[in-house]
Amino acid sequence: MKKFLFVTLILLLQTTFGRPAAAQNWGKCPKDTRDLVDKADRIMFAKTTAGKMTMTVRKPDQTSTMSMTFWSSGRENMLVRITEPSRLKGMSTLKVSDNVWYYMPRTDRIVKVGSSMMGDSWMGSHFTNDDLVKETQLYIHYECLSRTDGKDSITVSLAPKPNAPVVWGKIVMKIRRADSIPESAQYYSDKGVLKRTMTFDRIQKMDGRSIPTRMTLTVAGKNESTEVVYDKVRFDVAIPDRMFTLRGLKM
Amino acid sequence: MYNFLLLWKMAWRNLWRQRRRSLITVFAMSAGLALCIPTYGLMEGVSREMIRGITRSHLGHVQVHHPDYLEERRLELSFPEKEASLAVLADPAVIQAAPRVYTGGMVSSEHEFEVHVGTIGTHGGGLQSLVSGSLPLKKCTALVDERTAKRWRLDLGSILRFSPLPAEPACERVEISGVVRSDPAGASSLLMRPADIADLNAPPKAKSAAQTDPDDIDSLEKLAPAAPSADATPMLAPASDAAPDAAPAVDAAPAAPPPAAPSPSPATPADNPTTVVFRVVRTASSQVGIIAVDPSRESQVTTMVDKVVAGTYLNNTYRNGQGVPQILIGDQLARILMVKPGDRLGLDILTREGFPMDEMVEVAGMFNSGLDSMDRSLTFVHLRMAWDPELMNLVDPKTGAPQIHELAIRIKDSLDNVVVAERLQKRLKGLHLVAWPWQKVEPAMASMVKLQDASTAILLLIIFAIAALGTMNTMLMSVFERIREFGVLKSVGMRPFFVARLIMLETLLMTLVSMVVGGVLGLGISSYLYVYGLDMSSLLPEGFSYQGVVIDPVWRTVISVRSFAIPLALMSLVSLIVAVWPAVRAARIKPVEALRQTGV
């Protein structure tokens, strides 16, 4: 009888903990890792956002700074317009799902960014046009490889799910334990070579949300970086739909 | 001394004794030489022509770069033009140095034309007249008639943009979903869904005063916190409904004058469902490589000017007349963009900092380099565009001194280029630049020339081998025929070495005669081929071209000291070598056995 009970217990344990393990865990990590990563991933995400930012591109022999205003709606639509310096004033970028257009004010032309140019730099920065377009959602396209819990932060490594349409072979994210704000993310190629590092800092409250207001992208092995500082961000504001059309781009 | 003179006398007499055989040998050797000299000259001519084609098409004989430029091709790896040019042009071997700047960008052409926009049903046979594609089922898709599609190279998936952009919520752009048969009498037509057409025809609504300026981030109103949705898109639909100035309200007040903008032709009122004329823009664009050159210096180094098939090469002045810079494009690119010389293109050029700056440019001309990929994706502009602060701005960030990526150098003798490159390298040491011969810049081309030289060597070897075998044959024959004679010579006391020398000397005499005869004949053939050339165009009707290097189908010889010296030296060497064996045979003859034989 005792033995029977024991067996039942084991069976019970297996049914409760064994079978649904796939649903409970995310890859090789505990279930809550997924929420943690998703929260960090969506730290800036809102139904709509609008704001102003300053981008500084540092290269060995030159540093260029530009200010811009941006509007976005969901992950689908985004419009960025350069306000400074005067040489670039009015130059705008519109993204609607997979498409990117530039508006060139000098010649008053709209230029669609062709697929062959998607890998090219966006406005001389270390971001590419693809970075604007790709809608990788970490919790959908990636699986957790390992998780290390530190005192103040949690480090999670992510690997893409088989056949996921993603660029990176591995992402290592460091997330602040207290509020799930990302601290850094390291991006590795599919051969496991570190390609670039993104660091997030200067956490401030903007429009009621705590967000990292500075984002720095450094290219591995080069003394180059692109820094984006959010000067002002507003979340969930009414943005007219026409902003995300060619009319809005040309405005 | 006595012996030596005797030897010469005997050799000379022996040759005349066997006049016919000697003549045959001399003839064989002369013929070999007469063939070898022009062959060598011809192959050297082709080789030089190849080098000329390679270096004069774009490379130049020597190139100067930043040490890392060729490997990384980054825009920042530039150097000051003035100092480098001065240092290079100071060398006496340099004819000219062409400065170049390489960047990338995009060229696009816009063609605006009128279309009669109608609903799907209004056109001819409707579904039956569909030639390809499918009916416009999605929003902002349209059918186009065959003639228009052909004229403007529209295909399934092509995009047409309305000009000017119609007011909301009408389509700004339509995607071509299918092609229909043309209406024989009708003009260009675009067939859209009734709903899309209604939007297009709606008069533009007046701007509501209440509308906030989206540029003013602070004044944007907060969304109602309701309707929480998980993600992405659902925002779109409710927002347009919620817009305070919804379309119907404006439609009710048609008094509002259409301000300047879209042009539903006044002849056709909006309620007429047949056709309305709209202007649409067809954009064709292509990503290109841009090379900024100094037109006058470039044309002294390379022959791109000769490859211009329509229009002209770039003007020497940067902004001529109306201030529109010129661009030279490949003929394939011109076909893609549907432009001809004199047309305007939009150019987005990558600046030193890496972002695009735009400028309208005028097509000066089109080139055909013979290399499709080049004709499709390469453009040339004036060097000053690269230094234009409004455009590429490739200047030293501190001093503002104009910079370049490359100096392509033409020197006096193309075969000297390795030496000249080394010399230039020394001159440029202080500027931290490298000067490479073209063989180092384009190793593939260099190995092509090497391959050509190797095949020349093999060809010459075969001709020499034939001539040499002939010589050896006649010499052996003459030894066998004269066994008795040698026997007598040896029995009267000639030493074997003397006999061997006799044979060698006979060969040498014949070789000398052949060299004179063959040399004269060779010179004659060479001169003929130098003047008239060897026309290979029947074998290579398309001309011979490799990697954009076009080689003239009429091959010409080069008459140089080398093209004579090498065949002549080789010929005499080979004849003497092959004479060794017969000479040894003759020396070894035993007098007793030889005398027993019944000679001729």
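**A walk through chains B and A**

Start in chain B: select M29(B), G32(B), L33(B), C36(B), I37(B), Y40(B), G41(B) and E44(B) on helix α2(B), then add S563(B), F564(B), I566(B), P567(B), L568(B), M571(B) and S575(B) on α18(B), and you have the two sides that meet. By class, this contact of α2(B) with α18(B) is made of 10 nonpolar, 4 polar and 1 charged residues. Keep in mind as you go that this is a predicted model.

Now show both helices whole. For α2 of chain B, select residues 19-59, and for α18 of chain B, residues 561-588. Their axes come within 9 Å and cross at roughly 145°. Which hand does the crossing of α2(B) and α18(B) have? It's right-handed.

**On to where the chains touch**

Next, bring up chain A alongside chain B. How many residues does each chain put into the contact? Chain B supplies 33 residues and chain A supplies 42. To find your way around the chain B side, colour the elements that give two or more residues to it: β3 (94-119), α7 (236-242), β9 (275-293), β13 (344-350) and β14 (356-367). Of these, β14(B) gives the most, with 4 residues. Colour this side of chain B by class and you'll get 14 nonpolar, 7 polar and 12 charged residues.

**Backbone stops in chain A**

Hop over to chain A for some backbone geometry. Most residues other than glycine have a negative phi, and most peptide bonds are trans. The next three stops go the other way.

Select E84(A) and P85(A) first. The peptide bond from E84(A) to P85(A) is cis, with omega near -10°. P85(A) sits in the loop between β3 (77-84) and β4 (92-96) of chain A.

Then pick D108(A), which is not a glycine yet has a positive phi of about 55°. You'll find D108(A) in the loop between β5 (99-104) and β6 (109-112) of chain A. Is D108(A) buried or exposed? D108(A) counts as exposed because it has 12 other C-beta atoms within 10 Å, and the cut-off for exposed is 12 or fewer.

Last stop: S180(A), another non-glycine residue with a positive phi, here about 60°. Look for S180(A) in the loop between β9 (170-176) and β10 (182-188) of chain A. With 17 other C-beta atoms within 10 Å, S180(A) is partly exposed, since that class lies between the exposed limit of 12 or fewer and the buried limit of 20 or more.

Terms used. Residues are numbered from 1 along each chain as its sequence is written. Chains are lettered from A and ligands numbered from 1 in the order in which they are written. This is a predicted model: local features need pLDDT of at least 70, side-chain atom pairs count only at pLDDT 80 or more; totals for chains, interfaces and linings use all residues. Axes are lines fitted to C-alpha atoms, for helices over the stretch in contact, and angles run from 0 to 180 degrees between N-to-C directions. A crossing is left-handed if the near helix is turned anticlockwise from the far one by less than a right angle, and right-handed if clockwise. Two residues are in contact if their C-beta atoms, placed from the backbone, lie within 7 Å. Ala, Val, Leu, Ile, Met, Phe, Trp, Tyr, Cys and Pro count as nonpolar, Asp, Glu, Lys and Arg as charged, and the others, Gly among them, as polar.
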